[in-house]
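This report goes through one protein chain, from overall figures to single helices and side-chain pairs. The sequence and structure come first, and the description follows.

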Amino acid sequence: MTERITRGFVVTDRDHGCPFDPSSRLAAMGRQEEPTRVPMYEPRFGDADVLVLSRYADVRAALGDARLQYGHLPLADGSPRTYMPGFLPDFHGAEHTRLRRMIAGAFTPKRVKTLRPMAEQIISERLDAMEEAGPGVDLVEAYAVSVPSIVIGELLGVPSSMHREFHSISAGVVNFANSPAEYFALLGEFGEYMKNLVDEIRRRPTEGLISSLLRERPGEVSDQEVIGLSSALVVAGHETTASMIGVSALALMRQPAQLAVLLDESRSTRDAVEELLRYMSISGTFPRAASEDLTIGTTRVKAGERVLVSPLTANRDPELVRDPDRLDLTREAAAHMAFGFGSHQCPGQHLARLELELALPALFRRFPGLRPSVPDEELVFHRDGPNVYSLQALPVVW
């Protein structure tokens, strides 16, 4: 009987000693000349045979092909999919372009640059709180999750009266210990909170993206679409950045020579962060289905066939960089796909880069003796379900 897999198999397995590497099974697929079809189970979409695309050229081609769509996937119980208005990952073509254009101005490199003082202040305040709490804190909860949560709240313009609830509920959505059922339940709760947030901002406008959408695009965007757009930004941007801060901090604690490169002010922090993004590739895989017959490389994909696209192994392809399984922060930035590629490339990628470029060096400069307070075997990595690859917790001392 052929073994059924879950999406988690493609992220990592620790049997070969490194929690940051792709699973041995997926790595083997990347070395084959042709993509592999395997049976897979995914909680929301059920059982199906999937074509796993793991090489750089194939992954880039697939992510750039609008005929491979997330929204085309049928649900496990055969029922029609329902879509949250405005939730970007669910839309394609002209509707996706219309929605994406509404938020594009908030995430341009020029606009993100103006957010630097705000992000620096948030990072400093979180480090102060860590120092006050003393050694033994959970770095994931105290820093990795809280920094992007506060940043995205400020960008959206969450009123001060709703800050505490926003940070609590958004952190719950990206709680890496949650089961898929808990995740989707919290997502529903978060949707209700976002509805109340939009209602409050309509009554009492603030400085932020939500107010801007309501004020500048009357008739172009509904309140439901504002809720969906804002929810997508929180879930996608908050979760991935939080995960990157946690796993990157652990990798740097394990490799002091690489940490020294990151802290070397004569070197480019941007290039160091790009290498971390390439090496970690925490989003792992993207499920897609073909809306019509197409070809990726030399492989035919039939209409309706499911595909699993793996930026993780694409970013470890020797065709992209030499010695790809080694973390090397002196490496020049490569054209990695940690933020995806094509029309669905992450709209908040410049903000994520800014947060990482600030948060990681600041953490180790404040706490130069930072180290895990538990043995490696007690660290729990989340590798399945709807969340990206992450650490559930990272207790540290200094």
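A contact here means heavy atoms within 4.5 Å. Helices (H or I, at least four residues) and strands (E, at least two) are DSSP runs, numbered from the N terminus. The model is predicted: local features need pLDDT of at least 70, side-chain atom pairs count only at pLDDT 80 or more, and totals for chains, interfaces and linings use all residues. Residues are numbered from 1 along each chain as its sequence is written, and side-chain values use heavy atoms, with hydrogens and water left out.

**The chain as a whole**

The chain has 15 helices and 12 strands. Of its 398 residues, 55% count as buried; buried means under 20% relative accessible area, exposed means over 50%, and partly exposed lies in between (1.4 Å probe, protein chains only). The accessible surface of the chain is about 17400 Å², and carbon and sulfur atoms account for 50% of that. Such areas come from the Shrake-Rupley method with a 1.4 Å probe, and for residues only the protein chains shown count as cover. Among contacts between residues at least 6 apart in sequence, 71% join residues at least 24 apart.

**Helices and their buried sides**

Helix α12 has the buried residues Gln258, Leu259, Val261 and Leu262. They cover an arc of only 155° around the axis, which puts them on the same side of α12. The arc is that of the directions from the helix axis to the C-beta atoms. On the face turned away from the buried side, α12 carries the exposed residues Pro256 and Ala257. The cover over the buried residues of α12 includes α11 (223-254), α13 and α15.

In helix α8 (residues 163-173), the buried residues are Phe166, Ile169, Ser170, Gly172 and Val173. Seen down the axis of α8, these fall within an arc of 155°, so they line one face of the helix. The exposed residues Arg164 and Ser168 are on the face of α8 turned away from its buried side. An α-helix has 3.6 residues a turn, so residues three or four places apart point the same way.

Helix α7 (residues 146-156) is mostly covered, with 10 of its 11 residues buried. Among them are Val147, Ile150, Val151 and Leu155. After α7 comes Gly157, whose phi is positive, near 85°.

Which residues does Glu207 touch, not counting residues up to four places away in sequence? Glu207 touches Glu154 and Gly157. Glu207 lies in the loop between α9 (180-203) and α10 (209-216) and counts as exposed at 74% relative accessibility. Glu207 and Glu154 are 53 residues apart in sequence, and their C-alpha atoms are 8.6 Å apart in space.

**A pair of packed helices**

Helix α5 (residues 116-133) packs against α15 at an angle of about 35°, with the axes 10 Å apart. Axes are lines fitted to C-alpha atoms, for helices over the stretch in contact, and angles run from 0 to 180 degrees between N-to-C directions. The residues making the contact include Ala119, Ile123 and Leu127 of α5, and Leu354, Leu358 and Ala362 of α15.

**Salt bridges**

A salt bridge is a side-chain nitrogen of Lys or Arg within 4 Å of a carboxyl oxygen of Asp or Glu. By this rule the chain has 24 salt bridges. Three of them are listed here.

| Pair | Closest N to O |
|---|---|
| Glu292 and Arg67 | 3.9 Å |
| Glu265 and Arg365 | 3.9 Å |
| Arg353 and Glu274 | 2.5 Å |

Glu292 lies in the loop between β5 (286-290) and β6 (294-296), and Arg67 in the loop between α2 (56-63) and β4 (68-69), so this pair ties together parts 225 residues apart in sequence. Glu292 is partly exposed at 40% relative accessibility, and Arg67 is partly exposed at 29%.

Glu265, in the loop between α12 (256-263) and α13 (269-280), and Arg365, in helix α15 (residues 349-366), are 100 residues apart. Glu265 is exposed at 69% relative accessible area, while Arg365 is partly exposed at 43%.

Arg353 is in helix α15 and Glu274 in helix α13, so their salt bridge ties together parts 79 residues apart in sequence. Both Arg353 and Glu274 are buried. Elsewhere, salt bridges that share partners join Asp21, Arg316 and Asp325 into one network.
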